[in-house]
Structures are given as C-alpha cells and as structure tokens.
Amino acid sequence: MKSYLSVFCAVSLLFLPAGCDLGDDSGEGREKDPFKAVTLDWESDGYEYRFYTNDSAHKYAIQKYSLSRSSYLDRNITVHARKTEGNPSASYGMRIRSISDSRDYISFLISDDGQYIISVYENNRWALQSMDDWAELPGLETGLGKEHILSAVYDELAGIFSFSLDGTALTHTVYVGNQYLFLAGFQCFTRTPSESMPYDFRFRLTAPFISP
C-alpha cells in the first residue's frame, strides 16, 4: 500500500501548477483538528454488542445486563468475548448479578496476558478473592481479537456455579445457595482511555441466547 501511495504522490506533484505553494508540516496557518472523545455505549449490529471508548471519563468497571426475563431462570451462562483494542492488562468477561440484591454479583474476567479471575461481591464486601487475585491458565491463547468463551453452569442441588474458559474446566467454584435468581451480563475494565489508547470490546451472550 505504501508503494502505491508514493507513486500517486509523485505523479500528482508533476501536474501541480507552476508556483503552487505546498506549504509545510508545521501546522502554522491552519487549525489542528481538535480531539473528539467518542463512546459507543453497547451498540449492537444484530450479532454482538460493542463497547468502544477513547474518553478518559469512561474508566474502570463498565457493565451491561441482559434485559430479557428469560435469563433470570436460565443458570447456564455462556459469553463470547474479545477485545480488539486496548491495554493488555484491561480485563473483560461476564458478570452474574443477584436479582434479589443488585449489589451482589459474580465477576468472571480474563485479560490478554493469559490470566483470569473469579470474584464475588456480597454484602458490601469481597466474599471470594479480590480483584487483585489472578490465576494463570496454561496454554491459553491470547492477543487482541482473540475470542474467548466463558461459561458458568449452576448446579441446583449443590447450589454452586462452576466455570470453564475456552472449554477448560476451572477449579474455582462459587457457592450461592438455591434461593436466588440471576441475571447474566457483560463487564469490562478500562485503564484511562485516550486518543492514543482507545478500548474496543465485543460480546455475545449465547446461553441463554439473547439476540442483541
């Protein structure tokens, strides 16, 4: 592409009128285009949800929950998630919220450096791990654009959620009892987005299937 562009520019210069002033690259005499903060807040193309931002005001935890009541009763949850832009340490994945108390939730997140975390926030405190306790999954393929499959399966008799990542069962389980209804959703963390470091996340909820 660069070679074609060079030929085009060279040919264009041959046809410039005599005395034509090309100007310089200093930017003097013209205004630099101002940076415009842009956020695509969970836009859908009918296939997946997209969260994009280069706005520094959109940092830390961002989440979206399914609006379908059918997901309240379906306790087998599968989320397809990928990140196409952003800092490798920024995490993303699923969030499972208690219907009885919206402040209680489970986060199942991954990062592009091959790590994952499962955390529970309950009664205004971290009941299981903290957001700093990450584990490695050997052999996990990482990188921008790589789609990951995060699954949480509820065992009603035992009252626990078990988890898998890209088809590999994880050793972590979460006891929640059997008195709750749950709402599946997506969650992503950003680290101070900017013009030079935008964040672009894509999500699909395939179980229960909710059309974007």
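How do the residues of the lining of the largest pocket divide into nonpolar, polar and charged? I started there, and here are my notes, with the reminder that this is a predicted model.

1. **The pocket lining.** The lining of the largest pocket divides into twelve nonpolar residues, one polar and three charged. That makes 16 lining residues in total, and those nearest the pocket's centre are Val 120, Glu 122, Val 174, Tyr 175 and Val 176. Five strands give two or more residues each to this lining: β5 (92-98), β6 (105-110), β7 (115-122), β8 (125-128) and β12 (168-175). The volume of the pocket comes to about 210 Å³.

2. **Tyr 105.** While you have strand β6 in view, have a look at Tyr 105, which is found there. Its relative accessibility is 13%, so Tyr 105 counts as buried, the cut-off being under 20%. Leaving aside neighbours within four places in sequence, Tyr 105 is in contact with Tyr 65, Arg 95, Ile 96, Arg 97, Ser 119, Val 120, Tyr 121 and Trp 126. One of these partners, Val 120, is also among the residues nearest the centre of the largest pocket. For Tyr 121, the C-alpha to C-alpha separation from Tyr 105 is 5.4 Å, with their positions 16 residues apart in sequence.

3. **The nonpolar core.** The largest nonpolar core holds 36 residues. Ile 106, Phe 108, Phe 161, Phe 163, Leu 165 and Phe 203 have the most contacts inside it. Leu 165 is a nice one to centre your view on: beyond four places in sequence, it touches Phe 108, Ile 110, Tyr 116, Leu 137, Leu 140, His 148, Ile 149, Leu 150 and Leu 170.

4. **Leu 137.** From Leu 165 you can step across to Leu 137, which lies in the loop between β9 and β10. Although placed in a loop, Leu 137 is buried, because its relative accessible area of 13% falls under 20%. Not counting residues up to four places away, Leu 137 touches Gly 114, Tyr 116, Leu 165, Thr 168 and Leu 170. Leu 137 and Leu 170 are 33 residues apart along the chain, and 8.6 Å separates their C-alpha atoms.

5. **A buried salt bridge.** Side chains of opposite charge can pair when their charged atoms come close. The structure holds seven salt bridges. In one of them, Asp 112 pairs with Lys 83, with 3.0 Å between the closest N and O atoms. This pair links distant parts of the chain, since Asp 112 sits in the loop between β6 and β7 and Lys 83 in strand β4 (residues 76-85), 29 residues apart. Both Asp 112 and Lys 83 are buried.

6. **Salt bridges around the β9–β10 loop.** Glu 147 forms a salt bridge with Arg 204, the closest N and O atoms lying 3.3 Å apart. Here too distant parts of the chain are linked: Glu 147 is in the loop between β9 (135-136) and β10 (148-155), while Arg 204 is in strand β14 (residues 199-207), 57 residues apart. Which partner is buried and which partly exposed? Glu 147 is partly exposed at 28% relative accessible area, whereas Arg 204 is buried at 15%. Another salt bridge joins the side chains of Glu 141 and Lys 146, at 3.7 Å from N to O. Lys 146 counts as partly exposed, with 26% relative accessibility.

7. **A charged network.** Finally, do check the group formed by Glu 48, Arg 50, Arg 82, Asp 200 and Arg 202, which are linked in a network of salt bridges.

Methods:
Residues are numbered from 1 along each chain as its sequence is written. This is a predicted model: local features need pLDDT of at least 70, side-chain atom pairs count only at pLDDT 80 or more; totals for chains, interfaces and linings use all residues. Side-chain values use heavy atoms; hydrogens and water are left out. On a 1 Å grid over the protein atoms alone, a cavity is a set of points where a 1.4 Å probe fits but cannot get out, and a pocket is an open set with protein on both sides within 12 Å along at least five of seven lines; lining residues have an atom within 4 Å of a point. Grid points are joined across faces, edges and corners, and a volume is the space filled by probe spheres set on the points. Helices (H or I, at least four residues) and strands (E, at least two) are DSSP runs, numbered from the N terminus. Ala, Val, Leu, Ile, Met, Phe, Trp, Tyr, Cys and Pro count as nonpolar, Asp, Glu, Lys and Arg as charged, and the others, Gly among them, as polar. A salt bridge is a side-chain nitrogen of Lys or Arg within 4 Å of a carboxyl oxygen of Asp or Glu. Buried means under 20% relative accessible area, exposed over 50%, partly exposed in between (1.4 Å probe, protein chains only). A nonpolar core is a set of buried Ala, Val, Leu, Ile, Met, Phe, Trp, Tyr and Cys residues joined through side-chain atoms within 4.5 Å. Contact means heavy atoms within 4.5 Å.
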